[in-house]
Amino acid sequence: MRINVVGSGYVGTTLAASLADLGHEVTAIDIDEEIVATLNNGSAPIHEPGLDELVAQHAGDRLRATTSYDDVSTADVTFLAIQTPSREDGSIDTGALSAAAEMTGEALAGSTDRHLVVIKSTVAPPSLPCVADALATGLDESLVGDGGDRVAFGANPEFLREGTAVSDFREPDKLVFGTDVEWADELLDDVYAPLLAEHDASVVRTDPATAMMIKYANNAFLAAKVSLINDLGNVCKEFGLDTYEVAEAIGLDDRIGERFLRSGLGWGGSCFPKDTKALIAAAEGEGYSPVLLRAAVEVNDHQPERLVALLEEEVDLEGARIAVLGLAFKPGTDDVRNSRAIPVIEALRERGATVVAYDPVAGENMSERFTELEYADSAADALAGAEGAAVVTGWDEFAALDSEFDAMADPVVVDGRRVIERREGLVYEGLTW
């Protein structure tokens with residue numbers, strides 16, 4: 001099949017390269033000429049394990065990139081993978097996505113062939129009609145939506161985790177097809193047929209709005225689960241109990257499950273914070289206040305402050321040199337969006353501490369936010385002479401640290417991810433254990 005992917009960020013690049021790997025002819029469309037050149041040169045514009053190899057393998061063959069919408073109509077399907085950033089009130093901004101939808105419609109206006117336009121971006125159900133309207137505005141006739149004979153509008157939300165996005169695409173738990181016309185559903189079947197031939201995944205067939213609600217509900221449920229185990233972990237900490245021992249036991253209950261029960265600093269990144277707040281904003285826009293989701297956000301927002309408070313119990317932070325280990329929101333990625341390191345660094349600096357930070361890959365991205373911060377070249381360099389350390393991201397290399405702590409002025413470590421081994425000569429505090 002011939003497929004367009006509009007938007008070459010984290011989702012769009014992973015989708016385009018993975019679809020090419022399935023054997024499709026894929027055109028990545030992006031307004032950023034530098035990103036287009038990077039893709040055409042065989043490199044991924046983002047850090048994601050396994051993605052560079054896919055782009056290098058297929059660029060110039062089944063994968064090409066362009067800034068033009070001119071050839072959109074020659075394809076069978078166009079996926080829109082444009083970011084939908086949060087506004088201050090938590091609601092999403094669909095401006096860029098709607099603009100891309102309108103340009104897609106304009107490119108399809110003169111075509112007589114059937115074409116499916118699929119929203120891959122995360123869009124709250126009440127906002128979907130705005131995107132569909134933008135697509136229709138670009139067309140020369142009103143043939144979008146129910147009963148569309150030529151152009152159909154659908155939703156196919158992604159469930160990719162940063163750091164494991166390529167494997168998540170290849171081995172999904174589920175695929176969600178949100179369409180209103182039978183031929184559109186059949187086209188999505190054709191898109192994913194090579195994947196489903198190799199991997200047995202559930203296919204959920206529904207309408208576009210329900211498809212997007214499934215995405216929001218999925219992320220909100222996982223975010224709430226993490227916040228709940230963190231809240232329980234805070235209670236265990238007050239009782240002097242090991243949260244991880246408790247979590248291991250409750251995870252044996254098949255109604256609960258063991259995944260997402262590692263208590264610690266909480267969730268960040270581009271999905272959980274944005275999607276949870278957007279769902280809250282959308283619900284409140286309809287007159288309903290989702291109390292439990294608000295509580296999940298509140299618990300998550302409080303965890304970095306707890307870490308700094310524990311460190312402050314051991315170290316006078318005024319004038320102290322503090323090592324912050326980990327800047328990415330999770331290991332395996334260079335993404336610092338909503339990283340828990342941000343509020344930790346801010347809280348340390350508010351208390352007068354001098355922060356030296358280290359991350360294996362995310363230092364450059366964080367330096368765009370904290371330009372004046374000292375960034376070390378290694379964990380050992382960050383720890384040398386430090387009067388305290390905060391472990392924020394659970395990188396494997398931090399778990400291997402040992403003698404490096406001996407170079408600290410005061411060997412005090414508050415571990416937000418349970419990756420450091422307790423040992424003699426190290427003042428160690430876990431965040432929730």
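**Why is it called that?**

Me: Helix α8 passes α10 in a left-handed crossing. What makes a crossing left-handed rather than right-handed?
Reply: You look at the near helix: left-handed means it is turned anticlockwise from the far one by less than a right angle, and right-handed means clockwise. The crossing of α8 and α10 falls on the left-handed side. One thing up front: this is a predicted model, where local features need pLDDT of at least 70, side-chain atom pairs count only at pLDDT 80 or more, and totals for chains, interfaces and linings use all residues. Residues are numbered from 1 along each chain as its sequence is written, and side-chain values use heavy atoms, with hydrogens and water left out.

Me: Which residues make the contact between α8 and α10?
Reply: Contact means heavy atoms within 4.5 Å. On the α8 side you'll find M213, K215, Y216, N219, A220, L222 and A223, and on the α10 side F272, D275, T276, A278 and L279. Sorted by class, that contact has eight nonpolar, two polar and two charged residues. (Nonpolar covers Ala, Val, Leu, Ile, Met, Phe, Trp, Tyr, Cys and Pro; charged covers Asp, Glu, Lys and Arg; the others, Gly among them, are polar.)

Me: How do you know whether α8 and α10 are roughly parallel or roughly perpendicular?
Reply: Check the angle: the axes of α8 (residues 208-239) and α10 (residues 272-285) cross at roughly 110° and come within 9 Å. Under 35 degrees is roughly parallel, over 145 roughly antiparallel, 65 to 115 roughly perpendicular, and the rest oblique. So α8 and α10 are roughly perpendicular to each other. (The axes are lines fitted to C-alpha atoms, for helices over the stretch in contact, with angles from 0 to 180 degrees between N-to-C directions.)

Me: And what are α1 and α3 called, roughly parallel or oblique?
Reply: The axes of α1 (residues 10-21) and α3 (residues 51-58) also get within 9 Å, but cross at roughly 55°. That value makes α1 and α3 oblique to each other. Their crossing is left-handed. Where they meet, α1 brings T13, T14, A17, S18, A20 and D21, while α3 brings L51, L54, V55, Q57 and H58. By class, these residues of α1 and α3 split into five nonpolar, five polar and one charged.

Me: How many helices and strands are there?
Reply: The protein has 15 helices and 14 strands. Both are DSSP runs numbered from the N terminus: H or I over at least four residues for a helix, E over at least two for a strand.

Me: How do you know whether D168 is buried or exposed?
Reply: Buried is under 20% relative accessible area, exposed is over 50%, and partly exposed is in between (1.4 Å probe, protein chains only). D168 has 11%, so D168 is buried. D168 sits in helix α6 (residues 165-170) and touches F159, L160 and R161, leaving aside residues up to four places away in sequence.

Me: What about S339, buried or exposed?
Reply: S339 has a relative accessible area of 1%, so it counts as buried. S339 lies in the loop between β9 (321-325) and α12 (341-350). Not counting residues up to four places away in sequence, S339 touches L327, A328, F329 and M366. Across the whole protein, buried residues make up 54% of the 433.

Me: Then what is V204 called?
Reply: V204 has 29% relative accessibility, so V204 is partly exposed. V204 belongs to strand β8 (residues 202-206). Its contacts, setting aside residues up to four places away in sequence, are L175, V176, F177 and I214.

Me: And what does the value for T74 make it?
Reply: T74 comes out at 44%, so T74 is partly exposed. You'll find T74 in the loop between β3 (63-66) and β4 (77-80).

Me: What is unusual about phi at F260?
Reply: Most residues other than glycine have a negative phi. F260 is not a glycine, yet its phi is positive, about 65°. F260 is in the loop between α9 (243-250) and α10. R418 is not a glycine either, and has a positive phi of about 50°. R418 is in the loop between β13 (412-415) and β14 (427-430).

Me: How do you know whether the radius of gyration agrees with a compact globule?
Reply: The rule, taken over C-alpha atoms, is 2.2 Å times the number of residues to the power 0.38. With 433 residues that gives near 22 Å, and the protein has 23 Å, which agrees.
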